[in-house]
Amino acid sequence: MNVMDALNSRFTCRTFKPEPVDRNTIYTVLEGALRAPSWANTQPWEIFVASGSALQRLREAYLGNFSKNVPVNPDISRPQEWPPALKERTQELGRKRFNALGIDRNDEQGRRALTELNFKFFGAPTVIFLCMDRTLTAWSMFDLGLLAQSIMLAAAQYGLGTATAVQMAAYPDLIRAELGVPPELAIVIGIALGYIDYEHPQNKFRSPRRPISEVVRFIDL
Ligand SMILES: Cc1cc2nc3c(=O)[nH]c(=O)nc-3n(C[C@H](O)[C@H](O)[C@H](O)COP(=O)(O)O)c2cc1C
């Protein structure tokens, strides 16, 4: 698979097959992704890979919190307010996903079931948690973004799907207790990794993009 194919085929996989991913493959994906650039080669990332019984215990703890409506408490706070155009895009995504899955906007249970997918880590056999020291700035967050996309593209080459989701880092205390993440590290985001269940309607949906003519300004005069 070349880079353009990986860019064009990647999507957020929200239903995985349960079969585990071979440790050597995960290793190869991460080793390649760790070639990502970073500010002055600071390589601010710390990575915790959860699978097997550890991930299963974490999943059960997450689902327990979700079923009891325990408020989420991420290390990195969510934006309070999106600028209007961005807010509209989040709403458009929601509308299109609900439509594609045949979920009515007033169907509270259906919507909750979709949210719950995050808290069961989309059924993935592996979740990669990206962390960085709490004192770092937005520039290191930029570096973590480069790493995340590198992981997703490398995974695509090995026939693996990914879902990058802030909700998987919603209960950092549970992650710390299960994976031993030290307190000085902020748990930024999780990347679910595994084999894609292509038959599932969740995975037939593709999110829209703004047209390039709206986003890019070529100025040459
Ligand atoms: C920083 C970040 C946070 C995200 N958090 C979530 C999340 O909590 N739950 C989820 O289902 N998807 C999450 N996503 C996936 C986005 O919704 C998805 O990337 C976007 O809708 C574009 O769709 P695509 O990835 O399928 O191309 C997140 C993506 C990023 C980059």
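**Exercise 1.** Find the stretch that UniProt lists as "domain: Nitroreductase" and describe its make-up.

*Solution.* Start with the record: the unreviewed UniProt entry gives residues 9–195. Next, look at the fold of this predicted model, where local features need pLDDT of at least 70, side-chain atom pairs count only at pLDDT 80 or more, and totals for chains, interfaces and linings use all residues. Residues are numbered from 1 along each chain as its sequence is written, and side-chain values use heavy atoms, with hydrogens and water left out. Over residues 9–195, helix makes up 46% and strand 16% (DSSP runs of at least four residues for helices, at least two for strands). Finally, the end C-alpha atoms lie 14 Å apart.

**Exercise 2.** Work out which residues come nearest to the ligand, and what polar contacts it has.

*Solution.* First, list the neighbours (a heavy atom within 4 Å): of 14 residues, Thr12, Arg14, Asn118, Ser207 and Arg209 come nearest. Then check N or O pairs within 3.5 Å. A ligand oxygen is 2.8 Å from a side-chain N or O atom of arginine 14; for arginine 209, another such pairing with a ligand oxygen is 2.8 Å. A ligand nitrogen sits 3.0 Å from a polar backbone atom of valine 166.

Note on methods
A polar contact is a pair of N or O atoms within 3.5 Å; within protein, one must be able to donate a hydrogen and the other to accept it, and residues adjacent in sequence count only if both atoms are side-chain atoms. UniProt positions are given in the numbering used here, feature names are shortened, and annotations may be inferred rather than shown by experiment.
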